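The following report examines helix packing, nonpolar cores and selected residues in one structure. Please consult the sequence and the coordinates alongside the text.

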Amino acid sequence: SEKDFVAAFEAGETVFNFWREALRVQRASIRGELPSWIEQSIEGPLTSEQQKWQRLVCLQGGDEALPQLARLDCTSLWFPVEIQERLGFLGGCASWHMANNQAGYPRGLAPIAGGDVPRMLAAAIKIMANRFYPRVLLISPVGYLVEQEFLKTQLETHDVFAIVADRDEFLHGVGVSFDQGKVMFKGERIDVIYRRELNAASLAQTEAGLKVLQSYLDGKVAIEPPLNMLYDCKSPMAWVHDQETSAFFSQAVKNLIPPAVLLPLDNNQAFRLGVDNLTINTILEKFSNEKRAFVVKYA
């Protein structure tokens, strides 16, 4: 509906602001202006070398070091439980829309913008690369390579030359070379890397990965989303309503993202969720199934 279209558009703007505000919180934690648990909730069990590169990437650039694409996972319209910085299953979405275009969409289910995912993604890639005919490297784990190959063929119909790379092989330098600091893959200059399950911490573990990191920091390759682990995890959603960090977030962001909390490992350890003091065991013992209005996301 027109109302849902407007809500979706406004939510997209709000997600962008959420990431901008979360980035400020993350940087304040690194600088010691906010508690260390905030950055630790991003970094997890990184080695000191991985942490060094992750923080370098985080602190680089201004507030514009943000993802350009996003997807909200919602239990309903609009109750987001996760914000994905990468648009997973793009090849699958494209094939689904193509099949529906041939068969005719059911009434009321016609997609926004006609469902042409490759065309819209190609336009975004051209902006990121600042080129009319860019080369994009689609990196993903082995389980997603088939749908990436399908996406590749669709992007090329919109003047975007695409190459698919296995994430683990890429990390170990298979097909990777460098020309005056620019990333090359199988002899082709790469303008944009569209990554999946690859970030500063994982790149810091291999020699080839470190060279890619340096090329990125030198501005010689665009990477979407940025390599900051902030965009790979769910914990920033818990910052929005936390007493120590909520002042950093706008009211629009607070309205979009429901109260969330980082759960303790101990089922009897108390945590605050909104105005309530709870434990996991309290929820299990005192709330009936009908009253357990909670979404649990693992990470």
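## Helix α4 and its surroundings

In α4, the buried residues are Leu90, Gly91, Gly92, Ala94, His97 and Asn100. Here buried means under 20% relative accessible area, exposed means over 50%, and partly exposed lies in between (1.4 Å probe, protein chains only). Helices (H or I, at least four residues) and strands (E, at least two) are DSSP runs, numbered from the N terminus.

The model is predicted, so local features need pLDDT of at least 70 and side-chain atom pairs count only at pLDDT 80 or more, while totals for chains, interfaces and linings use all residues. Residues are numbered from 1 along each chain as its sequence is written, and side-chain values use heavy atoms, with hydrogens and water left out.

The buried residues of α4 pack against α5, α6 and β8 (192–194), where contact means heavy atoms within 4.5 Å. Glycine 104 follows α4 and has a positive phi, near 95°.

## Packing of α4, α5 and α6

Axes are lines fitted to C-alpha atoms, for helices over the stretch in contact, and angles run from 0 to 180 degrees between N-to-C directions. The axes of α4 (residues 90–103) and α5 (residues 117–129) come within 9 Å and cross at roughly 135°. That angle makes α4 oblique to α5; angles under 35 degrees count as roughly parallel, over 145 as roughly antiparallel, 65 to 115 as roughly perpendicular and the rest as oblique. On the α4 side, Leu90, Cys93, Ala94 and His97 meet Val117, Pro118 and Leu121 of α5. By class, the residues of this contact are six nonpolar, one polar and no charged. In this classification Ala, Val, Leu, Ile, Met, Phe, Trp, Tyr, Cys and Pro count as nonpolar, Asp, Glu, Lys and Arg as charged, and the others, Gly among them, as polar.

The axes of α5 and α6 also come within 9 Å, and they cross at roughly 75°. This makes α5 roughly perpendicular to α6. Pro118, Leu121, Ala122 and Ile125 of α5 make the contact with Leu151, Gln154 and Leu155 of α6. The contact of α5 with α6 comprises six nonpolar, one polar and no charged residues.

Within α6, Leu145, Glu147, Gln148, Leu151, Gln154 and Leu155 are buried. Their cover includes α4, α5, β3 (135–140) and β4 (161–166).

Lysine 152 is also placed in α6 (residues 145–156). With 21% relative accessibility, lysine 152 counts as partly exposed. Neighbours within four places in sequence aside, lysine 152 is in contact with Leu138, Ala162, Ile163 and Val164. Its C-alpha atom lies 9.3 Å from that of leucine 137, the two residues being 15 apart in sequence.

## Helix lengths

The expected span of a helix is 1.5 Å times one less than its number of residues. The table sets this value beside the distance between the end C-alpha atoms.

| Helix | Residues | Expected span | End C-alpha distance |
|---|---|---|---|
| α1 | 29 residues | 42 Å | 43 Å |
| α4 | 14 residues | 20 Å | 20 Å |
| α6 | 12 residues | 16 Å | 17 Å |

For α1, the end C-alpha distance agrees with the expected span.

## Nonpolar cores and α1

A nonpolar core is a set of buried Ala, Val, Leu, Ile, Met, Phe, Trp, Tyr and Cys residues joined through side-chain atoms within 4.5 Å. The largest such core has 26 residues, of which Phe18, Trp19, Leu230, Trp239, Phe249 and Ile257 touch the most other members. At least two residues of this core come from each of α1 (2–30), α2 (36–43), α10 (236–239) and α11 (251–256). Helix α1 provides the largest share, nine residues. A second, separate core of 24 residues includes Ile163, Phe170, Ala200 and Leu217.

Beyond its neighbours within four places in sequence, phenylalanine 249 is in contact with Phe18, Glu21, Ala22, Val25, Trp239, Val240 and Lys254.

Threonine 14 is located in α1 and counts as buried at 13% relative accessibility. Not counting residues up to four places away in sequence, threonine 14 touches Ala252, Val253 and Leu256. After α1 comes glycine 32, whose phi is positive, near 85°.

## An exposed residue after α12

Tyrosine 298 lies in the segment after α12 (280–286). Its relative accessible area of 74% makes tyrosine 298 exposed. Tyrosine 298 and cysteine 233 are 65 residues apart in sequence, with 9.9 Å between their C-alpha atoms.
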